[in-house]
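The following exercises concern side-chain contacts and burial in a protein model. Each task is followed by a solution that proceeds step by step.

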Amino acid sequence: MFDDLKPHIRDLRKCLMKIAIALVIAFGVAFYFWEVILNWMVTPLISTLPHGKDDIIFTEVGETFFTALRVSFFASFILALPVIFWQVWVFIAPGLYDNEKRFVIPFVLFATLFFISGCAFAYYIAFPIGFAYLIGFGSQEYTALPKIADYVGFFTKLMVGFGISFELPVVTFFLAKIGLVSDKTLKDYFKYAIVFIFVLAAILTPPDILSQFLMAIPLVLLYGLSILIARLINPHKEMDEE
């Protein structure tokens, strides 16, 4: 049995090696521009602080250095997304039929596009609204002085969470293409999906209702889009009644 797994382990090692090389190269580029990237990352927060960038602090020795590393790794992950998705496809391709293998370019393209769309939604819509509420809450009594390291961790967590969440239509397309799901399957599990979406939003967002809804609502809409995709790709066929 172990001998049967050896080729798969070898293929997985090759894919991981190529992903690692892509991440290292992207990390080198991102680290050179880490200040520019960090300034972009803090822009949604700055707009909600009374004194802007002056209110963002660090309190530990080396905090800015390790923050720069975290910023660079996050940026390298985004830059390497096409390679990551490509290698994911390469790894699963041996288990697909020939007519399914030709979807490699659409998969890489749309998986990257939807991930970036999720990040863009978080950055341009969810963050400004959420930060305005969170920073403004209680600001009459206290002064907000967010730590840069904590903010970057919070930022990257939400960006990755939104990015992964927006992959739902892409995943649905390929599951429907290989016949694992149909529009009826998704409809039947709709009420369970709603519960799961709100639980996921509660885990990935700060503990306030506004942030949870900002993630949950687009996910519900994406689930509806996934039903339409499944209907086009693999519509449910009613059994003929005798």
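## Exercise 1: A salt bridge between helices

Task: determine how the side chains of Arg-231 and Asp-183 meet, and where each residue lies.

Solution. Step 1: Arg-231 and Asp-183 form a salt bridge, at 3.7 Å from N to O; the term denotes a side-chain nitrogen of Lys or Arg within 4 Å of a carboxyl oxygen of Asp or Glu. Step 2: Arg-231 belongs to helix α11 (residues 209-233) and Asp-183 to helix α9 (residues 183-188), so the bridge ties together parts that are 48 residues apart in sequence. Helices (H or I, at least four residues) are DSSP runs, numbered from the N terminus, as are strands (E, at least two). Step 3: Asp-183 is buried at 9% relative accessibility, whereas Arg-231 is partly exposed at 38%. Buried means under 20% relative accessible area, exposed over 50%, and partly exposed in between (1.4 Å probe, protein chains only).

The model is predicted: local features need pLDDT of at least 70, side-chain atom pairs count only at pLDDT 80 or more, and totals for chains, interfaces and linings use all residues. Residues are numbered from 1 along each chain as its sequence is written, and side-chain values use heavy atoms, with hydrogens and water left out.

## Exercise 2: Further salt bridges

Task: state how many salt bridges the count comes to, and describe those of Lys-184 and Glu-63.

Solution. Step 1: the count comes to 4. Step 2: Lys-184 meets Asp-188 at 2.8 Å, N to O; these residues are 4 apart in helix α9, and are therefore separated by about one helical turn. Step 3: Glu-63 pairs with Lys-147, with their closest N and O atoms 3.9 Å apart. Glu-63 is in helix α3 and Lys-147 in the loop between α6 and α7, 84 residues apart. Step 4: Glu-63 is buried at 5% relative accessibility, while Lys-147 is partly exposed at 21%. Glu-60 joins Glu-63 and Lys-147 in a network of salt bridges.

## Exercise 3: Confidence

Task: identify which helix has the lowest mean pLDDT among the elements of the protein chain, and which the highest.

Solution. Step 1: pLDDT is the predictor's confidence in each residue, from 0 to 100. Step 2: the chain has a mean pLDDT of 85, and 91% of its residues reach 70 or more. Step 3: helix α5 (residues 98-101) has the lowest mean, 70, and helix α3 (residues 63-79) the highest, 95. Step 4: where pLDDT is low, the predicted coordinates should not be read in detail.
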